[in-house]
Amino acid sequence: MARRAWGRLMKHWHIDEIGWDRFDPSKVDPEIVPLIKAAAMVERNAADYVTYLTRVFADDPDFCAAAEHWGVEETQHGDALGRWGMLADPAWNFAAAFERYRAGYQIQLDAEASIRGSRTGELIARCMVETGTSSYYSALGDSTEEPALKQVCRLIAADEYRHFKLFYDHMKRYLARENLSFTKRLRVALGRIGETEDDELAFAFHSANEGAGTPYDHERCTTAYMGRAIGFYRFRHIERGMGMIFKTIGLDPRGRVSDMAAKASWKLLQWRRDKYRVALAKYAEESAVPLKRAA
Ligand SMILES: [Fe+2]
Ligand SMILES: [Fe+2]
């Protein structure tokens, strides 16, 4: 990476710059609290991804340096979200919840090659993750009226978009070398999007929100997470995210097809939201985190 670009990357916000003293408990939406606590787990766990990425890209010092810096930013996302979680729920212990998450969820660290089959594929998967987080924190930040959380979400959403651009630039470099076909790029992208319902988020929800005596149940935790999270999206977040997905796989991000895909995804998302809300209402009677309001 050019020295100037690296210098730009180094200018970054710090957790102490957040207006924590503006925290207003009367503006906290109880539905957002368990989501923020769960997101804090996943973000705080970035160091493992840095280990994995620096192994996969071991002979690429520019990328490894960028990945190290990326990991520092993601970890700070976790710390900021965790700090807000403790303000919103003073009885919550972020460190203890994160310890539970670490004890029960590990990514594969001994890889020497990308689990996506190629470096281009790995970077496409990273672009999908950053597309997802950028849209998600934009949605949460737009929705909340609580000033500290709004600031945290907006700063994080801006970071995630910058991360998208970072991985996208490296992906283009590898694509020129590896020449991955469109079909393969599409498959990796869709595959990574489909992993949203894997254990990473569901177990984060469990560790962050359920009592130590409650056994982990993937289905229940996915429902609890998705049933709440989907309700925060608006069409503009999906439209923007679709543009980023299209750009990653080499299609026009603002064309007619992208527009149609965004509209279809929005419909699908609404359908899934309703499905999850029905399931969530069923779980609510016995769940540790009761359903407080309908979306
Ligand atoms: Fe993040
Ligand atoms: Fe990120």
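## A walk through an all-helix model

F205 sits in helix 9, which covers residues 199-209. This is a predicted model, and F205 is a good place to enter it. Is F205 buried or exposed? It has 28 C-beta neighbours inside 10 Å, so it counts as buried; the cut-off for that class is 20 or more.

Which residues surround F205, once those up to four places away in sequence are set aside? F205 touches P34, A38, C221, A224 and Y225. T133 serves as a distance marker: it is 72 residues from F205 in sequence, and the two C-alpha atoms are 16 Å apart.

Take A38 next. Beyond its neighbours within four places in sequence, A38 is in contact with L201, A204, F205, A208, N209 and Y225. F205 and Y225 are thus partners of A38, and Y225 is also touched by F205.

These names return in the largest nonpolar core. That core has 70 residues. Those touching the most other members are A38, M41, V152, A204, F205 and Y225. Helix 7 gives the most to this core, with twelve residues. In soluble globular proteins, nonpolar side chains tend to be buried together.

Now step back to the whole chain. The protein chain has twelve helices and zero strands. Buried residues make up 41% of its 295 residues. The C-alpha trace spans about 55 × 40 × 35 Å along its principal axes. How does the radius of gyration fit a compact globule of 295 residues? Such a globule would have a radius near 19 Å, and the protein chain has 19 Å, so the two agree. The contacts reach far along the sequence. Among those between residues at least 6 apart, 78% join residues at least 24 apart.

Helix 11 gives a second close view. It runs over residues 235-248. Its 14 residues, at 1.5 Å a residue, should span 20 Å; the end C-alpha atoms are 20 Å apart, so the helix agrees with expectation. Which of its residues are buried? They are H237, I238, G241, M242, G243, M244, I245, F246 and T248. These buried residues pack against four named helices: helix 6 (119-143), helix 7 (147-178), helix 8 (182-194) and helix 12. Helix 7 thus appears here as a packing partner, as well as in the core as the element that gives the most residues.

Just after helix 11, G250 takes a positive phi of about 90°. I249 lies in the loop between helix 11 and helix 12, the latter covering 256-284. I249 has 19 C-beta neighbours inside 10 Å and therefore counts as partly exposed. With its neighbours within four places in sequence left aside, I249 is in contact with F182, R185, L186 and A189. D89 is 160 residues from I249 in sequence, and their C-alpha atoms are 41 Å apart.

How far does the predictor's confidence extend? The mean pLDDT of the protein chain is 92, and 93% of its residues reach 70 or more. Among the elements, helix 2 (residues 33-44) has the highest mean pLDDT, 98. Helix 1 (residues 3-10) has the lowest, 47. Over residues 1-8 the pLDDT is below 50, and beyond near neighbours in sequence this stretch has four contacts in the model. Where pLDDT is low, the predicted coordinates should not be read in detail.

Key:
Residues numbered from 1 in each chain as written. Chains lettered and ligands numbered in written order. Predicted model: local features only at pLDDT ≥ 70, side-chain atom pairs only at ≥ 80, totals over all residues. Helix = DSSP H or I, 4+ residues; strand = E, 2+ residues; numbered from the N terminus. Buried ≥ 20, exposed ≤ 12 C-beta atoms within 10 Å, placed from the backbone. Contact = placed C-beta atoms within 7 Å. Expected span 1.5 Å × (residues − 1). Core = buried A, V, L, I, M, F, W, Y, C linked by C-beta atoms within 7 Å. pLDDT = per-residue confidence, 0-100. Rg over C-alpha atoms; globule rule 2.2 N^0.38 Å.
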